[in-house]
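Work through the exercises below with the sequence and the model open. Each task is followed by a solution in steps.

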Amino acid sequence: MAQWEIVIGLETHVQLTTASKIFSGASTAFGAEPNTQASIVDLAMPGALPVMNKGAAERAVKFGLAVGANINRRSIFARKNYFYPDLPKGYQISQFETPIVQGGGLTITLDDGTTKFIELTRAHLEEDAGKSVHDQFDRESGVDLNRAGTPLLEIVTEPVMRSAKEAVAYAKALHGLVRYLDICDGNMQEGSFRCDVNVSVRKPGEPFGTRREIKNLNSFKFMQQAIDYEVRWQIEQIEDGKKIVQATVLFNPDSGETRAMRTKEDAMDYRYFPDPDLPPLVIDDAMFDRIKASMPELPEAKCARFQSEFKLPEYDARLLSQDSATAKYFEVAVKTGADAKLVANWIIGELSATLNREEKSIEQSPVSSVQLASVVARISDGTISNKIAKTVFEALWSGEGKTADDVIAAKGLKQISDVGAIEKIVDEVLAKSAAQIADYKSGKEKALMSIVGMVMKASQGKANPAQVNEIIKRKIS
Amino acid sequence: MSWNTFATVAETKAALEAKQVSAVELAKHYLDRAAQLNPGLNAYITLNPEKTLSEALSTDNKRSKGEVAPLLGVPIAHKDIYLIDGWRTTCGSKMLENFVAPYTSTVVKYMADAGMVTLGKLNMDEFAMGSSNETSFFGPVKNPWDTSRVPGGSSGGSAAAVAAGLAPASTGTDTGGSIRQPAMFCNLTGLKPTYGICSRYGIIAFASSLDQAGPFAQTAEDCALLLNAMAGFDPRDATSLDRAKEDYTRDLAKPLKGLRIGLPKEFFGEGNEPGVLKAVEAALDVYRKLGATTVEITLPNVKYSVPAYYVVAPAEASSNLSRFDGARFGHRAKEYDDIVDMYKRSRAEGFGAEVKRRILIGTYVLSHGYYDAYYLQAGKLRRLIAEDFKKAYEVCDVVMGPTAPEPSFQFGAKADDPVKMYLNDIYTICANLTGQPAMSHPCGVDENGLHVGMQIIGNYLDEARMLNVAHQYQLATDWHKKHPNI
């Protein structure tokens, strides 16, 4: 494998968060009854004309500014002509020669902490197609045009990624960014964020190999699997002396394989030409300045601020600033007065682990940021230990109580810091631990740990560990 | 009631306002006349007397309640390319033989807002592709002046209906001359406004960057009254011009003293039938007597109009007509193997030969490797032609010449030779390519008594001046008052 270099470029379709469609007033809401959100324009009735939804353009400009791209103040819509049942006009309105966003890029962070700048070729506005329905009618197919005309921003990278890991890291970073900018809800199950991955392999230093495009990946896990399979397949082909034929392929999550759906020989000629129904899309100074002024704080800036304002280490700051929901969760918690580093530890540690395990996003977390802050506050003021805090957190997660204090009171989890009370428990334990005491006195440090453990157990974990340690030492030395 | 079927819109409006006639009486009159004469002329594809009479009654009720509207109760017939909610809208094609429109086009709505009553839907070349009305699936329209001859196209039904007194006025659309050429062939006044003046929303698209709605009437004054109703910004058409309403009748009375008429030498060459040139020269003499001066100009790139047009128009059409695929509306083949077969059969059965020819040309010129050579080049030519006109307007106010090089021809005369047919639009196409307003008014007959039209091309948004020019000519002449004996 080592002698092969993998070359990957991504095209991502990002559904923009406008309430209405890109060229009609119909709603973009997901999940309605088929064809109830298709206007005369979306149905491509004779005589119907598209009118640009400026909200979609604003979101595209926002993205362009966030990735440091060139914003074309005058971009052109073009028709991409082909026949398909889910494409009612017989053409898709897209942008071809002059897209709204050109260039720019974003920095990705890999698991080992290294970073890489991924250059973007362009991002252009276009309309989504409808949906063919094949399983509801006998020997006939249906078409649902609710999705037809939904605004998309197609974001295209240069072929600069060199591993599946980089591709996935880029997709995740992009996913975070578009949600940050609030231009896409990021819902991958509903198809709001879909990736086409162009994959080829070559010997290092050689020209690009022939690429195959894996279409419509809507999960990071599938992306990783699909690229891994595709790369293995391409290398095998070449090593068997076969040539790669340019093709569009689909990934089957059940078999874990990719399969060609069409090759370049039957590639379509889309007959692009400027759409005469739509004048050039002009972003004037007023609009441009307004969008610029409305830009949210971007992850890089936020990461820097978290380090300076909250004295967080860079690692914590980067993790917390990667997506806006996590950053918001953190900031709300800290605003209540909770210790920033402790809050960071809890978000990165216990909270993330629990969310992952239960396959929930941070927005869906049953423990709110204010609740987590209440837990952290009780750790800070010595009411509970870190260990007990986990019990409190779990109780809050399962809805037993509204605040940490409720849970602590209801379950009697308050830490015992009263010297007399702790001495009493220590005395009881020591009375039954002659052997351990002897070991300790003969120099076995481990014996002390064993005694501490017994005391903690006897206190049901509530004794203040530092005090327990100190009292035992004082009593047996 | 006896009603002069050739009353102008202005006269009809006055009679309604003076309560000499009711909208219902008018509607009945034209419906009766259509019932009698349409079988021979084939100008209307669809009449719906019940709807028409109920609309007429409602305008009469409005009037009796004291409501006013500029053209309240005046009947109008629409080219069958305009969608009207609840009316069958065929575009002259088998593809839409049974298509009932689910909404109303903006122009028809604006005219209804002005109080106009829809008489019916008028025959036309299929998808507005033709210059003789012979491509209609519903059969050719006969020229009321001579039923062995064509009425012109593509708005042939619109011209024939008004010429024969089956409607006082009508709407058409003009993509390469489809209002002006039939206006000439049927001795009417017809106007194609500046691109963007009338909304294209709800008009079935032929070539989006060229299509423009406009009126047919007997006089320039009527055209001004009709344009007042038709024109106006429409937020549903992104190419509609966002500007204040204007009154196109405001300059009608202005004398023509000092008017500078540009005569492009390219419009007065050998391609014209001698009788056409003679009539045009005589009309120019009238203009000079009215105080205008003429100046020879040159439009060196205008000779590329036809080739540029036959790249741009089919290219846009090939894409615009893709939606007629049999999936959601329109003709669908009875039997097919799969989806691709359904497309193929439905379109093969639903479209006529001329439409297919243009889809093929358009698909070809947009194909990979040909786009630059054809579509981009044609775009450059459009700009060059516009530059020519810009220069011309430094020395003249309007440009004049024959509307078409020859008058109405016999059925079948050009039907087998598309290029010959296309050359009939040689003088009209340039105004579509540039987007300028242009009109045609009657200006005499040739040696065979066939009608000749004078084309007036104006600078952008100069409709009021052009209508003034034609109106002053019509005050001094009576060619426009001649009607076929039918």
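The exercises cover the chain A domains, the nonpolar cores, the interface and some single residues.

This is a predicted model, in which local features need pLDDT of at least 70, side-chain atom pairs count only at pLDDT 80 or more, and totals for chains, interfaces and linings use all residues. Residues are numbered from 1 along each chain as its sequence is written, chains are lettered from A and ligands numbered from 1 in the order in which they are written, and side-chain values use heavy atoms, with hydrogens and water left out.

**Exercise 1. Domains**

State how chain A is divided into domains.

Solution. Domain bounds here come from an automatic or database domain assignment. Chain A has domain 1 at 5-289, domain 2 at 299-411 and domain 3 at 419-476. Taken over C-alpha atoms, the centres of domain 2 and domain 3 of chain A are separated by 32 Å.

**Exercise 2. Nonpolar cores**

Which residues touch the most other members of the largest nonpolar core?

Solution. Start with the term: a nonpolar core is a set of buried Ala, Val, Leu, Ile, Met, Phe, Trp, Tyr and Cys residues joined through side-chain atoms within 4.5 Å. Buried means under 20% relative accessible area, exposed over 50%, and partly exposed in between (1.4 Å probe, protein chains only). The largest core holds 150 residues, and Phe127(B), Tyr287(B) and Met400(B) touch the most other members. Next, list contacts, meaning heavy atoms within 4.5 Å. Leaving aside residues up to four places away in sequence, Phe127(B) touches ten residues' worth of neighbours named here in part, including Cys91(B), Met95(B), Ile204(B), Phe324(B) and Val355(B). Apart from the largest core lies another, of 70 residues, among them Trp4(A), Ile8(A), Met188(A) and Met223(A).**Exercise 3. The interface**

How many residues of chain B are in contact with chain A, and how much area is buried?

Solution. First count the residues: 37 of chain B are in contact with 29 of chain A. Then take the buried area, which is the accessible area (1.4 Å probe) that two parts lose on being put together, summed over both. Chains B and A bury about 2700 Å² between them, with 59% of it on carbon and sulfur atoms. Ala238(B), Arg323(B) and Arg328(B) supply 21% of the area that chain B buries against chain A, more than any other three residues.

**Exercise 4. Polar links across the interface**

Which residues form the salt bridge between the chains?

Solution. Apply the rule: a side-chain nitrogen of Lys or Arg within 4 Å of a carboxyl oxygen of Asp or Glu. One salt bridge is found across the interface of chain B and chain A. Asp277(A) pairs with Arg200(B), and their closest N and O atoms are 3.1 Å apart. Helices (H or I, at least four residues) and strands (E, at least two) are DSSP runs, numbered from the N terminus. On the side of chain B that touches chain A, α9 (305-320), α10 (339-350), α11 (353-366) and α12 (371-392) of chain B each give two or more residues. The most come from α9(B), with five residues.

**Exercise 5. Single residues**

Is Asp251(B) buried or exposed?

Solution. Locate Asp251(B) in the loop between α7 (220-230) and β7 (260-264) of chain B. Asp251(B) counts as buried because its relative accessibility is 15%. Not counting residues up to four places away in sequence, Asp251(B) touches Ala464(B) and Asn468(B).

**Exercise 6. Backbone geometry**

What is the phi of Arg139(A) and of Lys311(A)?

Solution. Most residues other than glycine have a negative phi, and most peptide bonds are trans. Arg139(A), not a glycine, has a positive phi of about 60 degrees. Arg139(A) lies in the loop between β9 (131-133) and β10 (142-144) of chain A, and counts as exposed because its relative accessibility is 80%. Lys311(A), also not a glycine, has a positive phi of about 55 degrees. The loop between α5 (299-310) and α6 (314-321) of chain A holds Lys311(A). Finally, the peptide bond from Gly153(B) to Ser154(B) is cis, with omega near 10 degrees.
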